[in-house]
Amino acid sequence: MTSDVENPVPAQEEIKPILKALRTCRGQLDGIIGMVEKTRDSLEVSNQILAAQAMLKRANKMVLIQYIEETMRAGMAEPQKTDAAITEINTILDKLLRQP
């Protein structure tokens, strides 16, 4: 999405928990692939897939919270861009709420 609101680059400390969640999920996916290759029980594989999905949702939530905070700060710093900030937040919430 192209933004009318300039969002600052997040600090390294702010992205550490996001990276940790994504790396954990990557490990889970590697484990799931191994389970499928070894023809493990389908229910066990499914449970691990659900765990990976939950981790991705958690990471997505952290990304979205950070995005909303940054967008609102940018909109408040430049009041003429507040409408663009609100539109961006509404767009991302619409996408989030449409997910199954």
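Start with H2 and H3: in this predicted model, helix H3 covers residues 82–98 and packs against H2 at an angle of about 165 degrees, the two axes being 8 Å apart. An angle over 145 degrees counts as roughly antiparallel, so H2 and H3 are roughly antiparallel to each other. The handedness is worth a look too: H2 passes H3 in a left-handed crossing.

Which residues make that contact? On the H2 side you'll find Asn 60, Leu 64, Tyr 67, Ile 68, Thr 71, Met 72 and Gly 75. Facing them from H3 are Thr 82, Ala 85, Glu 88, Ile 89, Ile 92, Leu 93 and Leu 96. Sort the contact of H2 with H3 by class and you get 9 nonpolar, 4 polar and 1 charged residues.

Now go back along the chain to H1. Helix H1 takes in residues 12–37 and helix H2 residues 42–77; their axes come within 9 Å and cross at roughly 160 degrees. With the cut-off for roughly antiparallel at over 145 degrees, H1 therefore runs roughly antiparallel to H2. Here as well the crossing is left-handed, with H1 passing H2. By class, the H1 contact with H2 has 19 nonpolar, 4 polar and 3 charged residues.

Next, the charged pairs. Side chains of opposite charge can pair when their charged atoms come close. How many salt bridges does a search of the whole structure find? It turns up 2.

One of them links Lys 16 with Glu 13, and their closest N and O atoms are 3.0 Å apart. Both residues sit in helix H1, 3 residues apart, or about one turn of the helix. Are these two buried or exposed? Lys 16 counts as partly exposed because its relative accessibility is 43%, and partly exposed runs between 20% and 50%. Glu 13 has a relative accessible area of 56%, so Glu 13 is exposed.

The other bridge joins the side chains of Arg 40 and Glu 44, at 2.5 Å from N to O. Glu 44 falls within the residue range of H2, 42–77. Arg 40 has a relative accessible area of 41%, so Arg 40 is partly exposed. Its partner Glu 44 comes out at 34%, which means Glu 44 is partly exposed too.

To pull the helices together: H1 is roughly antiparallel to H2, and H2 is roughly antiparallel to H3.

Notes. Residues numbered from 1 in each chain as written. Predicted model: local features only at pLDDT ≥ 70, side-chain atom pairs only at ≥ 80, totals over all residues. Heavy atoms only, no water. Axes fitted to C-alpha atoms, helices over the stretch in contact; angles between N-to-C directions. Helix = DSSP H or I, 4+ residues; strand = E, 2+ residues; numbered from the N terminus. Parallel < 35°, antiparallel > 145°, perpendicular 65-115°, else oblique. Left-handed = near helix turned anticlockwise from the far one by under 90°. Nonpolar A, V, L, I, M, F, W, Y, C, P; charged D, E, K, R; others polar. Salt bridge = Lys/Arg side-chain N within 4 Å of Asp/Glu carboxyl O. Buried < 20%, exposed > 50% of the residue type's maximum accessible area, 1.4 Å probe, protein only. Contact = heavy atoms within 4.5 Å.
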